[in-house]
Amino acid sequence: EAAQKDGYDTYMLKEINEQPHVINETLRGRVFEDKVVLNEIKDVDFSKFNKVYFVACGTAYHACLCGAQILERATKLPVITQVASEFRYNDPIIDEKTLCIYVSQSGETADTLAALRLAKSKGCTTIAIANVLGSTISRDADYTLYTCAGPEIAVASTKAYTTQLVLLTLLALYIAQDLHLDVDQDILNQLNDLPAYVENLIKDEELFANYAKMLKDKHDCYFIGRSLDYASVLEGALKLKEVSYVHADAYIAGELKHGPIALIEDGTVVIAVATQPHVAAKTISNIQETVARGADVILFTTENEEVNNVKNTYILPSINPLLQSVLVAIPLQLIAYHTANIKGCDVDKPRNLAKSVTVE
Ligand code: G6P
């Protein structure tokens, strides 16, 4: 087993470190100078769809929340994102003009498979984004696109998530191309830079391990963000609670005043993400509201100016905002990992959780 961990103490840490490589693998042969090539779906005529559904569970659902926003902006198609266990019982309004996209690392999650079968029975076109070759989802869906993350052993998903984000971005750009819409050249160019940026972020592991020390004795931690950053903080909070058992909740920063602010007291740790330029200043003002109530804030941002009273600010590389979710995932994974590690938790096999949930 030690050999399989490549010298790392845990699969989770190994898989976090594999991300530069597997992101590269997921991009390989799919991005060219001025276009995205996804041969697996070259026969699909995307002009026939008037609506898109994204459906998944757990971490894959968070990847969907990001992918949905990117797709909506790139294609102007209305997009709905739903957790699979809801979709399958909600009598969704879907028909042959609906494109349904299912994301699943294992390709075996019972709720996701049932949701896919429902869409097929209503005549929708279905695309699966899966990681495991030949998994059930790839046999059931009309089309499958694979992330190239390699086997993910740790229960808490890391490299599958970031490769899902990358592939969903490619899919959004591909559909925009197919619809003859302008594709943002800037994103296409920067996709290939992601592995190097991720590698550099991993090099700051010690810094993120220090942030984890702030959490080791805490019962609660709150994450805030807006827009795409909300999906990132949902995933950050999930990672933290899964492996370290610190109760973590994520909120849309603008919703703080409608309830969660009541929970902030002296010494509460708030992890904030502000990478989306159109709302970063708004999030930063929400951060100040938590600081005023005694919160210890850890901020991940691309905004260069110093944020008053926030000692722990990490400046992320400034790349296209639609790609930022891939970058901020790395420190959030490492904070979760190190919090669990300091507390002596079994990070690869958290209590009560399974890698693949094949029963309802
Ligand atoms: C379980 C795993 C999660 C995963 C979720 C969905 O809860 O512990 O890490 O995100 O299932 O799994 P899937 O294989 O469908 O992506």
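The following exchange explains how several descriptions of this predicted model are reached.

Me: What kind of model is this, and how are its residues numbered?
Reply: The model is predicted: local features need pLDDT of at least 70, side-chain atom pairs count only at pLDDT 80 or more, and totals for chains, interfaces and linings use all residues. Residues are numbered from 1 along each chain as its sequence is written.

Me: What makes residues 277-291 helix H12, and how does its reach relate to the expected span?
Reply: Helices are DSSP runs of H or I with at least four residues, strands are runs of E with at least two, and both are numbered from the N terminus. H12 has 15 residues. The expected span of a helix is 1.5 Å times one less than its number of residues, and for H12 this gives 21 Å. From first C-alpha to last, H12 reaches 21 Å, close to that expectation.

Me: Why is Gly225 called buried or exposed?
Reply: A residue is buried if 20 or more other C-beta atoms lie within 10 Å of its own, exposed if 12 or fewer, and partly exposed in between, with C-beta atoms placed from the backbone. Gly225 has 29 other C-beta atoms within 10 Å and is therefore buried. Its place is in strand E8.

Me: Which residues is Gly225 in contact with, leaving aside neighbours within four places in sequence?
Reply: Two residues are in contact if their C-beta atoms, placed from the backbone, lie within 7 Å. On that basis Gly225 is in contact with Tyr230, Ser232, Val233, Ala253, Ala272, Val273 and Thr283. Ala272 lies 47 residues from Gly225 along the chain, and their C-alpha atoms are separated by 6.0 Å.

Me: How do you know on which side of H12 its buried residues lie?
Reply: The buried residues of H12 are Val279, Ala280, Thr283, Ile284, Asn286, Ile287 and Thr290. They cover an arc of only 165° around the axis, so they are on the same side of H12. The arc is that of the directions from the helix axis to the C-beta atoms. The face turned away from this buried side carries the exposed residues Ala281 and Ser285.

Me: Which strands do the buried residues of H12 pack against?
Reply: They pack against strand E8 (220-225), strand E10 (269-274) and strand E11 (296-301).

Me: What places the buried residues of H9 on the same side or on opposite sides?
Reply: In H9, Leu194, Pro195, Tyr197, Val198 and Leu201 are buried. Their arc around the axis is only 160°, which puts them on the same side of H9. These residues pack against H2, H7, H8 and H13.

Me: Why does Val31 count as buried or exposed?
Reply: Val31 has 20 C-beta neighbours inside 10 Å, so it counts as buried. Val31 is in strand E1. Beyond its neighbours within four places in sequence, Val31 is in contact with Val36, Leu188, Leu191 and Asn192.

Me: Why is Ile335 called buried or exposed?
Reply: Ile335, found in helix H13, has 27 other C-beta atoms within 10 Å and is therefore buried. Apart from neighbours within four places in sequence, Ile335 is in contact with Phe208, Tyr211, Ala212 and Leu240.

Me: Why is Tyr245 called partly exposed?
Reply: Tyr245 has 16 other C-beta atoms within 10 Å, so it is partly exposed. Tyr245 is found in the loop between helix H11 (228-244) and strand E9 (247-252). Although not a glycine, Tyr245 has a positive phi of about 65°.

Me: Why is Asn352 called exposed or buried?
Reply: With 6 other C-beta atoms within 10 Å, Asn352 is therefore exposed. Asn352 is found in the segment after helix H13 (324-342), and its phi is near 70°, a positive value in a residue other than glycine.

Me: What makes a set of residues a nonpolar core, and how many residues has the largest?
Reply: A nonpolar core is a set of buried Ala, Val, Leu, Ile, Met, Phe, Trp, Tyr and Cys residues joined through C-beta atoms within 7 Å. The largest has 127 residues, and those with the most contacts inside it are Ala56, Ile101 and Tyr102. Helix H7 (residues 159-178) gives the most to this core, with 13 residues.
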